[in-house]
Amino acid sequence: MNRFFKLSIVLFKNSLQVIGKKGKNSIIKLVLLFICLMMAFAPMVAGIIFFLWNGYDYLNQFNQAGAILSITLPVISFVIFFFGIFYVANAFFFSQDIENLLPLPFKPWEILLSKFVITLIYEYITCIILALPVILIYGIKSGGGVIYYLYSIIIFLTLPILPLVIATLIMIIIMRFTNVSRYKERFKLIGGILALFIGIGINIIYQRAILSSNSLSQILQTIAEGNNSIVNMGNSIFPTAKYASKALVYNMHLEGMLNMLLYLIIITISILIMVFLGEGMYFKGVMGVSETPAKRKKLSSEEFSRSIKQNSHIYAYAMKEMKLLIRTPIYFLNCILMNFIWPVFLLLPFITQKNLITEIKKMIPMITDPQYSGIVLAIVIAMGIFIFSTNGISASAISREGDKLYVCKYLPMDYRQQIIAKIVPALIMNFFGSLLLLIGAIYIFFPNIIIIFMIIILFALGALLISFLGILLDLMFPKLNWDSEQKAVKQNLNVAINLFIGCAIAGILVFIAFKFSLNLLGAFLVTGAIFATLDGLLYYVLSTQGVKLFKNMEN
Amino acid sequence: MIEITNVSKSYNGKLKAVDNLNLFIPDGQIFGFLGPNGAGKTTTIRMITGIIKADTGSIKLNGKDIQDDAILAKKQFGFVPDNPDMFLRLKGIEYLNFLADIYDVSKESRRERIEKLCKEFEISVALGDRIQSYSHGMRQKIVLIGALLHEPAIWILDEPMTGLDPKAAFALKEKMRVQADMGKTVFFSTHVLDVAEKLCDQVAIINKGKILYCGTMDKMREHFKENESLEKMFLEMTENE
């Protein structure tokens, strides 16, 4: 147990190096991050608080205020589970520190549990944003006492455990069975993707089952019963969410305490199962994770000829970047796969709820009504900007070089060209990421070619904007000092800041469109003009200051 | 030809890694750069190759200044860094083709040179595999080949013998000699004094950022007692500092 604690502390300290270099830069960066966080999250958190505050009052009319907890906690659990799969794949299986830990005399469960603790700490960030407002608002509005807040603290700290345990178990089992082929790395990547789909799939099946098992009249009847009866409707794949809600709602009764106990028992058992399975399976899944197959076969004359095509500098450099992004598992998961996750998230409601498509179809006349099309355009562009900014390719373009930055510096290639070549993969992935959104837009607006053109132009300008911003951030604060690729992309503040800036831009865009009730042409011209001006400005800054930063960068 | 004039470099404004360095490395010679750990060898090489900027002074490669005329200056040399672990997820052939693109080597020339060099370094069978699957020595070889693809006038190598087996080391030494005999400049740093002694036309010994000696092996022997080994001379010089 002692070794487990020590390992956890070491891993935690090691994972804290989010900021590149110490000193002046890191302070500027922290201030910048803080401002961005405030800008990006303030409207969102305010929105959540407003929604919950009023939602409580509304539900309380039916004596169903407890539903606030029983609806949100399962959703939060699912979000944690979903991102948990990414965290677990990164930290448990693809992180390079595993290879340094394997030769040390640790038991499998000790490494597994230490990694689990670190991942759990990261999940608390999600919890602060999502779960804290819910628990606090319910507490304040229902006049919760000491016991309520005691339960709250325990639940806040333990809520992510079960979703994370399930994510870990899925990954451990899949990795155990994909760690057999000669092409281990590739198989493991496929395993990771499979885990994601299993996760989403289970949730879809579960939601459908619940929807079909509870008819509308049943649900209405339950609501009419009052007395927080909705809380009793089992509605999550994570049973802990239900028990936690009940414990909080009935905190003054014995039932609350019993539910709390049940909740804690389930969590403890789940951890034990994970430790037990991990002891037997974790090492089998993780050993030789970085082994690369080698054929050692001479290339045939045709293969050779095909491999030695002559290309321009920018093309050659951009393709090199693209290959490294696709072939490095951690980069693939975080920079490539991420592009497709959000579109899938956006599509999820359509898959789980069959009626939604017909509902949307009914809404098409309204959406395409010229009166609203300015706002609709702004919303579509905002969604695009958000998807662009989830791709951390340009915001980690310099950081990913790590201690091999020197190679960029002795190659006889202009720094401006290198910057452009590093942006190209980000733009390519932006294109694929937004394709689904574009197809959706084309489906809705079809005969109206003009609006589709407008969307394409604004997407292009917006993708440039986010990529320029990302690489500028990374040039200003490169994180070159890392021992695991995970730190270059996942624990890189530039990627997070770029995401926040993207969210802020998306928010401002929608706000302007609503505030000034812009028509279609107005929305297009205003957004286009702002984007184009910023693009021009940023390109200028990158070609002057950016080049200078790159040139003077030393590590 | 490499001309280093009054070059200094300090880290954090305090620690002087290289102190007013002056070196002239002529064409057609193998020039060994010797010194104990932390003497300033790698810092000097990083300044010559444009990886870091000198605080003062100038560095010219075949007359092209590495700061003012960077791209042309960088095209003059092929560089073999001390750690060959780079682009590990590219295949050998992809790495070489990437470099050939960046150094503007025509398709015909790159085909001929890749085939010839890979044969010489016995690495042809591994070209279709990812560099990650290579041993340390093989990685070193692919980097060596990459540095020679554009037939540079100057060859700069940082600790090139590390990790090479005797056969590969022999092949590398042969290659260095051939390059010098073709009138090209070969500049390399090393710890292995035997290699320097047998291979170099000239050596410079650096310690604490300053050049202690620069000249031919013969002159150095004259300077000290005749027939004394380089090791003994080296230790004598660096210890007296």
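Start by selecting B:A204, which is buried, with 23 other C-beta atoms within 10 Å. Keep in mind as you look around that this is a predicted model. What does buried ask for here? The cut-off is 20 or more other C-beta atoms within 10 Å, so B:A204 qualifies with its 23. Colour strand β9 of chain B, residues 202-207, and you'll find B:A204 sitting in it.

Now add B:F33 to your selection. Along the chain, B:F33 and B:A204 are 171 residues apart, yet their C-alpha atoms are separated by 5.1 Å. B:F33 is also one of the contacts of B:A204; the others, once you skip neighbours within four places in sequence, are B:L23, B:I211, B:Y213 and B:C214. Show those side chains as sticks and you have the surroundings of B:A204 on screen.

**Zoom out to chain B**

Select the whole of chain B and switch to cartoon. You should be able to pick out nine helices and 10 strands. Turn the chain around: its C-alpha trace spans about 50 × 40 × 30 Å along the principal axes. How does its radius of gyration fit with a compact globule? For 241 residues, such a globule would have a radius of gyration near 18 Å, and chain B has 18 Å, so the two agree.

Of the 241 residues in chain B, 49% count as buried. Look at the contacts between residues with a separation of 6 or more, too: in chain B, 71% of them join residues 24 or more positions apart.

**Over to chain A**

Next, hide chain B and show chain A. This one has 22 helices and zero strands. Out of its 555 residues, 41% count as buried. For contacts with a separation of 6 or more in chain A, 85% come from residues 24 or more positions apart.

Colour chain A by its domain assignment: domain 1 is 62-291 and domain 2 is 313-552. Where they meet, the contact takes 16 residues from domain 1 and 12 residues from domain 2 of chain A. On the domain 1 side, highlight α3 and α8 (184-213), which each supply at least two residues. Which helix gives the most to this side of domain 1? That would be α8(A), with eight residues. Colour this side of domain 1 by class and you get seven nonpolar, five polar and four charged residues.

**Into the core**

Now for the inside. The largest nonpolar core has 128 residues, and those with the most contacts inside it are A:M171, A:A244 and A:L377. Select helix α3 of chain A, residues 67-94: this helix gives the most to the core, with 17 residues. Where does the core lie relative to the two domains? Both domain 1 and domain 2 of chain A give residues to this core, so it lies between them.

Click on A:L377 next. Apart from neighbours within four places in sequence, A:L377 is in contact with A:I451, A:M454, A:I455, A:L520, A:A523 and A:F524. Bring chain B back for a moment, because there's a second stop: another core, of 86 residues, lies apart from this one and includes B:A17, B:I205, B:M220 and B:M233.

**A walk along helix α21**

Back in chain A, select residues 493-515, which make up helix α21. With 23 residues at 1.5 Å each, this helix should span 33 Å; its end C-alpha atoms are 32 Å apart, so the two agree. Just after α21(A), find A:S517, which takes a positive phi of about 40 degrees.

Within helix α21 of chain A, pick A:V495. Is A:V495 buried or exposed? It's buried, with 28 other C-beta atoms within 10 Å. Not counting residues up to four places away in sequence, A:V495 touches A:G392, A:A395, A:S396 and A:V489. Try a distance to A:I471 as well: from C-alpha to C-alpha, A:V495 and A:I471 are 9.6 Å apart, with their positions 24 residues apart in sequence.

**Last stop: where the chains meet**

Show both chains together. Here 31 residues of chain A are in contact with 34 residues of chain B. On the chain A side, the elements giving two or more residues are α12 (301-307), α13 (313-327) and α17 (405-410). The largest share, six residues, comes from α13(A). Colour this side of chain A by class to finish: 12 nonpolar, seven polar and 12 charged residues.

Terms used
Residues are numbered from 1 along each chain as its sequence is written. Chains are lettered from A and ligands numbered from 1 in the order in which they are written. This is a predicted model: local features need pLDDT of at least 70, side-chain atom pairs count only at pLDDT 80 or more; totals for chains, interfaces and linings use all residues. A nonpolar core is a set of buried Ala, Val, Leu, Ile, Met, Phe, Trp, Tyr and Cys residues joined through C-beta atoms within 7 Å. A residue is buried if 20 or more other C-beta atoms lie within 10 Å of its own, exposed if 12 or fewer, and partly exposed in between; C-beta atoms are placed from the backbone. Helices (H or I, at least four residues) and strands (E, at least two) are DSSP runs, numbered from the N terminus. Domain bounds come from an automatic or database domain assignment. Two residues are in contact if their C-beta atoms, placed from the backbone, lie within 7 Å. Ala, Val, Leu, Ile, Met, Phe, Trp, Tyr, Cys and Pro count as nonpolar, Asp, Glu, Lys and Arg as charged, and the others, Gly among them, as polar. The radius of gyration is taken over C-alpha atoms; the globule rule is 2.2 Å times the number of residues to the power 0.38. The expected span of a helix is 1.5 Å times one less than its number of residues.
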